[in-house]
Amino acid sequence: MADQPDGEQAQAEALARAQVQGQDLPALERELSVLVRRSVLSLWSNKRDENGVDRWTYALLMRLAEEGPTRVGDVARRFGIDKSTASRHLGRMEEQGLVQGIPDESDARSVLLRITPQGAEHLSAARSRRLRILRTIFDAWPEQDRTELTRLLGRLNTELDQASGF
């Protein structure tokens, strides 16, 4: 396309957009639906593993490990759940010793939740199991394909976050 005049390039780009918006979009939606269903059933089920890590616990521990101490309200917004649901999940995790509340130095009325060493251990064990499953699938893929899939999923997640306000 780089050799095409501006008008032809614009037409080619418009055609590509029309294909995505027209025929390819239903196929993409179907493939995303299958991916989500299979992921939930195999990797991120609602069942707890031997360490008490279910999909909510895993996701919340990942967020705390990656982003640091967080308020309950921020967790609720990030996951698209109400504050009472977030509080219930985080309270259970606090009882299990996976997270702990610490004073928020910027606001004495607030508490931040952070992952504990025990929570980090549970997260590491759960992540190892999940990566083992993914490794068996993706070892046969060329590195370039894995890199491109990672890039595209990252882009999709970023744009979904922006579109949904999470």
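**Helix packing in the predicted model**

Helices α2 and α4 pack with their axes 11 Å apart, at an angle of about 85°. That angle falls within the 65 to 115 degrees that count as roughly perpendicular, so α2 and α4 are roughly perpendicular to each other. On the α2 side, the residues involved are Trp-56, Thr-57, Leu-60 and Leu-61, and these meet His-89, Leu-90, Arg-92 and Met-93 in α4. Sorted by class, this α2 with α4 contact has five nonpolar residues, two polar ones and one charged one. As with everything that follows, these values come from a predicted model.

It helps to step back to the chain as a whole. The chain has six helices and two strands, and from the N terminus on the elements run α-α-α-α-β-β-α-α. In other words, four helices are followed by two strands and then by two helices. Of the 166 residues in the chain, 25% are buried. The accessible surface comes to about 11,600 Å², and carbon and sulfur atoms account for 53% of that surface. Looking at contacts between residues at least 6 apart in sequence, 46% join residues at least 24 apart.

Back to the helices, and on to α3. Helix α3 covers residues 72-79 and helix α4 covers residues 83-95; their axes come within 8 Å and cross at roughly 110°. This pair is therefore also described as roughly perpendicular, and the crossing of α3 and α4 is right-handed. From α3, the contact draws on Val-72, Gly-73, Val-75 and Ala-76, while α4 brings in Lys-83, Ala-86, Ser-87 and Leu-90. The class breakdown for α3 with α4 is five nonpolar, two polar and one charged. Leu-90 of α4 turns up here and also among the residues that meet α2.

The remaining pairing is α2 with α3. Helix α2 spans residues 55-67, and its axis comes within 12 Å of that of α3, with a crossing angle of roughly 115°. The α2 and α3 crossing is right-handed. The contact is made by Trp-56, Ala-59, Leu-60, Arg-63 and Glu-67 of α2, together with Asp-74, Val-75, Arg-78 and Phe-79 of α3. Here the residues divide into five nonpolar and four charged, with no polar ones. Trp-56 and Leu-60 of α2 take part in this contact and are also found in the contact with α4. Val-75 of α3 plays a part here too, besides being in the contact with α4.

Two buried residues tie α2 to parts of the chain further along the sequence. Tyr-58 is found in helix α2, and its relative accessible area is 9%. Buried means under 20%, so Tyr-58 counts as buried. Tyr-58 and Leu-123 sit 65 residues apart in sequence, yet their C-alpha atoms are 6.4 Å apart in space. The other residue is Ala-126, which has its place in helix α5, residues 117-138. Ala-126 is buried as well, with a relative accessible area of 2%. Its C-alpha lies 9.9 Å from that of Arg-55, although Ala-126 and Arg-55 are 71 residues apart in sequence.

Definitions and conventions: Residues are numbered from 1 along each chain as its sequence is written. This is a predicted model: local features need pLDDT of at least 70, side-chain atom pairs count only at pLDDT 80 or more; totals for chains, interfaces and linings use all residues. Side-chain values use heavy atoms; hydrogens and water are left out. Axes are lines fitted to C-alpha atoms, for helices over the stretch in contact, and angles run from 0 to 180 degrees between N-to-C directions. Angles under 35 degrees count as roughly parallel, over 145 as roughly antiparallel, 65 to 115 as roughly perpendicular and the rest as oblique. A crossing is left-handed if the near helix is turned anticlockwise from the far one by less than a right angle, and right-handed if clockwise. Contact means heavy atoms within 4.5 Å. Ala, Val, Leu, Ile, Met, Phe, Trp, Tyr, Cys and Pro count as nonpolar, Asp, Glu, Lys and Arg as charged, and the others, Gly among them, as polar. Buried means under 20% relative accessible area, exposed over 50%, partly exposed in between (1.4 Å probe, protein chains only). Accessible areas come from the Shrake-Rupley method with a 1.4 Å probe; for residues, only the protein chains shown count as cover.
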